[in-house]
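Work through the exercises below with the model open. Each task is followed by a stepwise solution.

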Amino acid sequence: MNSNLYSALRAAFPADLDSTAIETADAAQPRYYTWRDLERGSAMIANLLASLELPPASRVAVQTEKSVEALMLYLAVLRSGHVFLPLNTAYQAGEIEYFVGNAEPAVVVCSEKNFGWVSTIAFKAGTKHVYTLGEHGTGTLLDRAAFQPDQHTPVPRAVDDLAAILYTSGTTGRSKGAMLTHGNLLSNAKVLKDAWAWQPGDVLIHALPIFHVHGLFVATHGALLNGSKMIWFGRFDPRAAIARFAEASVFMGVPTLYVRMLAEAALTPQACEHMRLFISGSAPLLTETFNDWRARTGHTILERYGMSETVMLTSNPYRPESARRGGTVGLALPGVGVRVRDDKGHPLATGEIGGIEVRGPNVFKGYWRMPEKTADEFTTDLWFKTGDVGRIDADGYVTIVGRSKDLIISGGYNVYPAEIEGVINDLPGVAESAVVGVPHPDFGEAVVAVVVAKPGAALDGREIAATLKGRIANFKVPKQTFVVADLPRNAMGKVQKNLLREQHKALFAA
Ligand code: MLC
Ligand code: AMP
C-alpha cells in the first residue's frame with residue numbers, strides 16, 4: 001500500500017476539481033486556485049524534481065514568502081518522496097548557513113530577492129540545484145516546471161518514511177531537525193479531522209505562515225483532508241480577517257492573532273455568526289483573551305497543544321462548547337498518550353505538577369543525524385519528554401504551567417535564550433549577557449537582553465539590538481536591551497534569571 005501523505009490528501013479532493021480550493025485574500029485582485037490547479041501544479045513541480053534524478057529522500061529546503069505556489073511545492077515534495085524542509089523567512093545568513101550545512105539539501109528554493117546570498121551558501125554546502133520562487137508565482141522554479149507534464153503518480157512511501165524535517169532550537173547547542181514521517185502527519189491530520197468535526201462546506205481562513213507546524217500541517221492538512229476551501233492571507237491583517245468571517249467557518253491562530261482581532265471594533269457577534277470554530281495554539285492563550293473572546297463574539301476558543309516533534313497532542317473538546325476550559329489545553333487526542341513524571345521519572349498523582357511526556361503514532365522519528373540528542377529526549381520506555389511542565393486533572397484535562405526548557409515563545413515563534421546570548425557574547429566589548437522573556441500584551445512574551453560590558457568598553461543597548469538585526473531573525477532580536485554592571489548570581493554562581501524576569505516584568509505592561 002502507498003502511504004504517501006499526498007495520496008491521502010488527494011483522495012479527499014472534492015469530485016468537482018474545478019471548484020475553488022484557495023482564494024487569495026490580501027492582494028487587490030483575489031486569485032482563485034482550483035483543486036485541479038493544486039493537482040496539476042504540484043505534479044509539474046514533482047516531475048521537475050524527478051527529472052533531477054536525486055537520491056531517494058533528498059532534502060528540499062525552502063525559504064520563500066507565503067504563496068499558493070509554495071504550498072504546491074510542499075505537495076510536490078511529498079509526491080516525489082523527498083523530504084520538505086521549510087525555513088522561516090526571517091532567518092538571516094548565519095541561520096540559513098547552519099540549516100543548509102546540517103541538512104545537506106539537494107535542492108534549495110528561495111525568494112528572488114535572496115537568491116544571491118542563499119545560493120552562495122547553498123552551493124558552498126554542496127547543493128546542486130537552487131531555484132527561486134517569488135510571492136506571485138515568478139522565479140525559476142515555475143519557469144522550469146512549466147515544461148513538465150502535469151500528471152504524476154506519487155512515489156510509494158511507507159508510513160515510517162520521512163516527509164519533512166522541521167528545525168527546532170535546542171536549550172543548548174544548535175537547532176535540531178525533527179524528522180516527521182508520512183505516518184506521523186497523516187495519523188495526526190485524521191485524528192484532528194474527527195476531533196474538530198470538519199464538515200462538508202467548511203471554509204478555513206488561513207492566516208498563518210506555512211513554514212511551521214501550525215500553518216503548514218495543522219491548518220492546510222485540515223482543509224485539504226476535508227476538501228475544504230481556504231481563504232488565504234499572505235500576511236495576517238486583523239481587520240481583513242474579520243471581514244471574511246462571513247464566508248468562512250474555521251479560523252486557526254496563535255494567541256497574538258486573537259489579541260489583535262480583539263482590538264478591532266468590527267469584532268462583533270454578528271461578524272462571527274457564520275463561524276463554527278476558533279482554534280488557538282502554539283503558545284499559551286491567556287484566560288483573559290479566552291474570556292474576552294467569548295464575551296465579544298459568543299464563541300469559545302478551542303485551545304490545543306502540540307510541538308514540531310509531535311504535531312498535535314491534546315485538544316479541548318469540540319462538543320459541548322461548554323466543556324472547553326480556558327487555561328487548559330484539553331484532553332489527550334485519540335491514540336496519543338500523555339503522562340506527567342517527576343524529574344526522576346517517577347509517576348505523579350492526578351493534579352501533581354511534573355514533566356509532560358507523550359507517545360503515539362504522531363511522535364517523530366528522532367532528530368536528524370543526532371542519535372544521542374534523540375536518545376536523551378526519550379525515556380527508557382520510549383515516551384518523548386516534551387520539556388513542558390504541567391498537570392493532568394481528574395477529568396484528564398492537561399494544564400501547562402511552565403517549561404523545563406529555557407524557551408521564550410513570542411507571538412508563536414520560539415526563541416532560545418542560549419542562542420541569543422551566544423550571538424550577543426560574540427559582539428565586541430561584551431563580557432556576558434542574559435536573555436529572558438517577559439510578559440508582552442501583543443506577543444505574549446517579549447525577548448529582553450541584559451548585557452555586561454568588558455572593562456573599559458562602552459556599550460549601547462540600541463546599538464546592540466541594531467547589530468543583531470542583521471545576524472538573527474527579527475523576532476529573536478530583543479525588544480529591549482539593558483547594559484548593566486553585573487548579572488545577579490546565586491551562591492553557585494548561576495545567573496538568576498528569575499530575578500531579571502521579576503525586575504523587568506512590567507516593562508511592556510499594557
Ligand atoms: C514579528 N516580529 C516579532 C514577531 N513577529 N517579534 C517578536 N515576536 C514575533 N512573533 C517583529 C517584526 O519583525 C517587527 O520588527 C516587529 O516585531 C513588529 O512586527 P509586526 O508588524 O507587529 O509583526 P507581524 O509581521 O504582524 O507578525 C506578527 C505575527 C507573526 C504574530 C502575525 O509573528 C506570526 O505570524 N506569528 C505566528 C507564528 C506561528 O505560526 N507559529 C507557529 C509555530 S508551530 P521590526 O524590528 O521590523 O519593527 C508551533 C507548534 C504548535 O509552535 O503547537 O503549533
Ligand atoms: P515548537 O517547537 O515551535 O513546535 O513549539 C512547541 C512548544 O510550544 C511546546 O513545547 C509548548 O511549549 C508550546 N505550546 C504549543 N501549544 C501551546 C499551548 N496551547 N499552550 C502553551 N504552550 C504551547
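**Exercise 1.** Does P200 count as buried or exposed?

*Solution.* The model is predicted. Start with the location: P200 sits in the loop that links α7 (182-195) to β9 (203-206). Next, take its relative accessibility, which is 80%. The cut-off for exposed is over 50%. P200 is therefore exposed. As a distance check, take P200 and K365: their C-alpha atoms are 33 Å apart, with the two positions 165 residues apart in sequence numbering.

**Exercise 2.** Describe the shell around ligand 1 by residue, class and element.

*Solution.* Count the neighbours: 22 residues surround ligand 1. The closest are R260, S282, R304, S410 and K469. Sort the shell by class: nine residues are nonpolar, nine polar and four charged. Now assign elements. α8 (213-225), α10 (255-262) and β13 (302-307) each supply at least two shell residues. The top contributor is α10, with three.

**Exercise 3.** Which side chains place polar atoms by ligand 1, and at what distances?

*Solution.* Use the polar-contact cut-off, within 3.5 Å. For K469, a side-chain N or O atom is 2.6 Å from an oxygen atom of ligand 1. For N474, the corresponding distance to a ligand oxygen is 3.3 Å. K479 pairs with a nitrogen atom of ligand 1 instead, at 2.8 Å. Then look at cover: on its own, ligand 1 has 1,000 Å² of accessible area, and the protein covers 73% of that.

**Exercise 4.** Why does ligand 1 lie between two domains?

*Solution.* Check who supplies the shell. Domain 2 (236-403) gives residues, and domain 3 (407-503) does too. Ligand 1 therefore lies between them.

How values were computed
Residues are numbered from 1 along each chain as its sequence is written. Chains are lettered from A and ligands numbered from 1 in the order in which they are written. This is a predicted model: local features need pLDDT of at least 70, side-chain atom pairs count only at pLDDT 80 or more; totals for chains, interfaces and linings use all residues. Side-chain values use heavy atoms; hydrogens and water are left out. A residue is near a molecule or strand if one of its heavy atoms lies within 4 Å of it. A polar contact is a pair of N or O atoms within 3.5 Å; within protein, one must be able to donate a hydrogen and the other to accept it, and residues adjacent in sequence count only if both atoms are side-chain atoms. Accessible areas come from the Shrake-Rupley method with a 1.4 Å probe; for residues, only the protein chains shown count as cover. Helices (H or I, at least four residues) and strands (E, at least two) are DSSP runs, numbered from the N terminus. Ala, Val, Leu, Ile, Met, Phe, Trp, Tyr, Cys and Pro count as nonpolar, Asp, Glu, Lys and Arg as charged, and the others, Gly among them, as polar. Domain bounds come from an automatic or database domain assignment. Buried means under 20% relative accessible area, exposed over 50%, partly exposed in between (1.4 Å probe, protein chains only).
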